[in-house]
Structures are given as structure tokens and as C-alpha cells.
Amino acid sequence: MSKKRILSGMRPSGKLHIGHYVGALENWVNLQNEYESFHLIADYHVLTTDLNTSDVYDNSIEMLIDWLAAGLNPQLSPMFRQSQIKEHTELTLIFGMLITVSRLERNPTVKEQVRDLNIDNVIFGHLGYPVLQAADILLYKGVGVPVGEDQVPHIEITREIARRFNNQYGEVFPEPEPLLTNFSRLMGLDGSAKMSKSLNNTILLSDESDIIKSKLKKAVTDPQKIRKGDPGNPQICLVFSYHKKFNTSEVPQIDIDCRSGALGCVDCKLKCASRLSEFLEPMREKRNYYQSRKNEVLEILDDGEKRAKKVAAATMMEVHEKMKMG
Ligand code: TRP
């Protein structure tokens with residue numbers, strides 16, 4: 001029996017951080033044997049919030065290298081840029097006819113973005129962000145989409161568009177389900193917002209151990225615990241949340257020693273930095289491998305784009321046939 005297909009994507013913002021890993025990438029790596037996985041570099045989606053495209057290509061390659069370093073297998077899973085498969089734009093145009101403006105205006109993820117980035121006048125393409133995303137998913141007839149919680153409203157719109165198309169023209173598309181990660185996104189080093197490049201509160205997958213150490217030294221902890229000996233509350237401590245992810249075996253002991261005061265924040269952070277560094281070591285090694293073999297990376301991308309193109313073209317044929325525009 002053939003495997004079910006899933007489609008996932010990220011906007012290329014350059015090197016990835018551990019929040020990307022925990023929130024999405026780790027899930028992708030775990031799912032790639034069970035599902036036929038397509039991985040999309042959403043380079044057109046970048047334009048919805050930033051018209052300057054000068055870094056988009058380099059950022060796409062950096063992100064691809066991180067995907068490979070984290071363990072995505074290019075033989076199993078095609079990786080490709082949205083901008084290189086023309087069918088994305090074509091299907092987006094058709095899908096734009098199948099959803100109303102008021103429905104798109106109700107999308108909480110776009111609303112949040114507009115608020116966070118202080119956007120006064122939303123461009124047409126930004127409002128249409130989930131329409132392009134629907135085309136990304138449905139071109140490959142993905143039945144599952146491994147994403148974080150914040151993407152669920154977009155997937156709901158994808159489902160509505162699929163239904164609307166199928167009702168209007170005949171059955172072509174599945175209604176995809178989100179496949180959520182069980183670990184929600186990590187908070188950034190400042191402890192007040194999710195980890196994100198624009199907030200400068202990240203630890204990169206590619207950071208060397210001394211960088212990780214100095215970044216963690218500045219991380220916030222329980223503000224009531226000022227010096228070693230003071231009892232702390234791990235439940236509200238950012239560093240503890242990193243231990244929970246990257247140092248599971250020591251979590252019970254750290255919990256006890258933080259509460260009793262036996263473990264001070266400085267030692268706790270050093271412990272966390274060294275575990276995290278160990279965890280990332282194989283990725284750093286793999287990243288160095290690909291970094292020095294750019295040709296191999298470009299071949300992987302080229303191969304992924306060829307494979308994606310085949311599937312996308314076949315779907316568009318079907319779409320045109322159903323619409324009697326073949
Ligand atoms: N909107 C997703 C994000 O921010 C990126 C994305 C684009 C995507 N196309 C997709 C995710 C298709 C899943 C499926 O991060």
C-alpha cells in the first residue's frame with residue numbers, strides 16, 4: 001500500500017533556531033518514514049510581510065542546509081522552492097475565487113501578524129496568505145500538514161477551499177488535517193515572547209558551544225531566585241523549560257535541587273548549555289558537511305524541484321479537466 005502524503009513548509013528566514021526545531025522540524029523528521037513527505041520553502045510567502053527579496057535566495061539555501069542537518073532525508077522527501085513551481089501561482093489564482101474577503105479577514109493568524117508588525121494597510125497578497133498556503137498543500141494532495149498550533153486557522157481555510165472546489169467542479173482534493181507537534185513552540189531567551197529571529201532571542205541550530213553558553217548565561221530564570229541557596233520555582237523558569245526538552249533524564253533532580261536551593265541558576269544554566277550543545281553537535285557536523293559541499297545542496301534542491309513539479313503538473317491537469325479548461 002502506498003504511504004499517505006503530507007506537505008509542510010516554512011518561510012525562509014535564514015538559519016533556523018531551536019524553536020523551529022521543537023515546533024516543527026523534529027516532527028517532520030519523525031514523520032518522514034511513515035508518510036511520503038514534501039517540504040516546501042515558502043519563498044513567495046516572504047513577500048507578504050517584506051518586499052525586499054535580496055536575501056530570499058541565500059536564506060532559502062541556509063534553511064535547506066538546516067533541514068538536511070536536522071535529518072530530513074532528500075531521497076525520501078523532496079525539498080523545493082514554491083517560486084520555482086509555477087503551478088502554485090496558478091492554483092492560487094483559482095482558489096482566490098473560492099473564498100470571500102470577509103472570511104479571510106477573520107483569520108486570526110493574519111490578524112495577529114498585522115498587529116505585531118504594526119501594519120496599517122494590509123496588502124491583497126497578505127490577506128491571501130492562506131490561499132497560497134492552500135495551493136501549497138492541495139497541489140500535492142497532502143492529507144496531513146505537520147505544523148504548530150498557530151497554523152491551524154490556515155489549514156481550516158485550506159479545507160474550506162478544497163470542499164468548495166470539489167463541490168463546484170468535482171472531486172479532486174482531499175481535506176487535509178493538521179498534524180500537531182506535542183511540544184508547543186519554545187519561548188525565547190528573554191522569556192517574554194516566542195523564540196523569533198526578529199526579537200533577537202534565539203539559539204541557532206548552528207551555534208557553537210561557547211555561543212550557546214554565553215547566550216544561556218543571559219537567559220531569564222525565576223526572578224525570586226537571586227542567589228544560590230534561594231529556593232526557586234522551576235515551573236516558571238525558562239531554563240527549566242529548555243531542560244525539559246533537551247535534558248529529560250535530569251529533569252526530576254533539577255526540579256528538586258532548584259526548589260531546595262541546592263542548585264544555583266549559574267550552574268543550572270551551564271548544565272543546560274552543555275546538554276544543548278551535545279544535542280546539537282551532530283547537526284553542527286552535518287551542517288559543516290553540507291556547507292562545504294554547496295553543489296550537493298543545489299543538486300538536492302534541483303532534484304526536489306523536479307519531483308515536486310511532476311506532481312504539481314499532474315494535479316493542475318486534473319484541475320483544468322474538471323473545470324473544462326483543459
Ligand atoms: N505559513 C507557514 C508558516 O509560517 C509556512 C507555510 C507556507 C506552510 N506554506 C505552507 C506550512 C504549507 C505548511 C504547509 O510558517
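A residue is counted as near the ligand if one of its heavy atoms lies within 4 Å of it. The exercises below apply to a predicted model.

**Exercise 1. Describe the shell of residues around the ligand, by number, by class and by secondary structure element.**

Step 1. Begin with the number: 14 residues surround the ligand, and the closest of them are Gly9, Tyr129, Gln133, Asp136 and Gln151.

Step 2. Sort the shell by class, which gives seven nonpolar, five polar and two charged residues.

Step 3. Assign the shell to elements: strand E1 (5–10), helix H8 (129–139) and strand E4 (144–147) each supply at least two of its residues, and H8 gives the most, with four residues.

**Exercise 2. Find which side chains place an N or O atom beside a nitrogen atom of the ligand, and state how much of the ligand is covered by the protein.**

Step 1. Take the cut-off for a polar contact, a pair of N or O atoms within 3.5 Å.

Step 2. Compare the distances with that cut-off: a ligand nitrogen atom is 2.8 Å from an N or O atom in the side chain of Gln133, while for the side chain of Tyr129 the distance from a ligand nitrogen is 2.7 Å, and for the side chain of Asp136 a distance of 2.7 Å is likewise found from a nitrogen atom of the ligand.

Step 3. Turn to the surface of the ligand, which exposes 360 Å² when taken alone, and of which the protein buries 92%.

Step 4. Locate the site as a whole: the ligand sits in the largest pocket.

**Exercise 3. Asn200 and Asn201 are found in the loop between E5 and H10; decide for each residue whether it is buried or exposed.**

Step 1. Recall the limits, by which buried means under 20% relative accessible area and exposed means over 50%.

Step 2. Apply them to Asn201, which has a relative accessibility of 2% and therefore counts as buried; its side chain makes a polar contact with the side chain of Asp190, at 3.2 Å.

Step 3. Apply them to Asn200, which counts as exposed because its relative accessibility is 69%.

**Exercise 4. Identify what is noteworthy in the phi angles of Asn118 and Asn200.**

Step 1. Start from the general expectation that most residues other than glycine have a negative phi.

Step 2. Read the two angles: phi of Asn118 is near 55 degrees, a positive value in a residue other than glycine, and phi of Asn200 is near 60 degrees, again a positive value in a residue other than glycine.

Step 3. Add the setting of Asn118, which has its place in the loop between helix H6 (108–116) and helix H7 (124–127) and is exposed, with a relative accessible area of 64%.

**Exercise 5. For Ala70 and Ser102, set the separation from a partner residue in sequence beside the separation in space.**

Step 1. Place Ala70 in helix H3 (residues 56–70), where its relative accessible area of 12% makes it buried.

Step 2. Pair Ala70 with Glu26: the two are 44 residues apart in sequence, and their C-alpha atoms are 7.6 Å apart in space.

Step 3. Place Ser102 in helix H5 (residues 101–105), and note that at 40% relative accessibility Ser102 counts as partly exposed.

Step 4. Pair Ser102 with Ile203: these residues are 101 apart in sequence, and 39 Å apart in space from C-alpha to C-alpha.

Terms used. Residues numbered from 1 in each chain as written. Predicted model: local features only at pLDDT ≥ 70, side-chain atom pairs only at ≥ 80, totals over all residues. Heavy atoms only, no water. Polar contact = N/O pair within 3.5 Å; in protein donor to acceptor, adjacent residues only side chain to side chain. Areas by Shrake-Rupley, 256 points an atom, 1.4 Å probe, with all protein chains shown as cover. 1 Å grid on protein atoms, 1.4 Å probe; cavity = no way out; pocket = protein on both sides within 12 Å on 5 of 7 lines; lining within 4 Å. Sits in = over half its atoms within 2 Å of the grid points. Nonpolar A, V, L, I, M, F, W, Y, C, P; charged D, E, K, R; others polar. Buried < 20%, exposed > 50% of the residue type's maximum accessible area, 1.4 Å probe, protein only.
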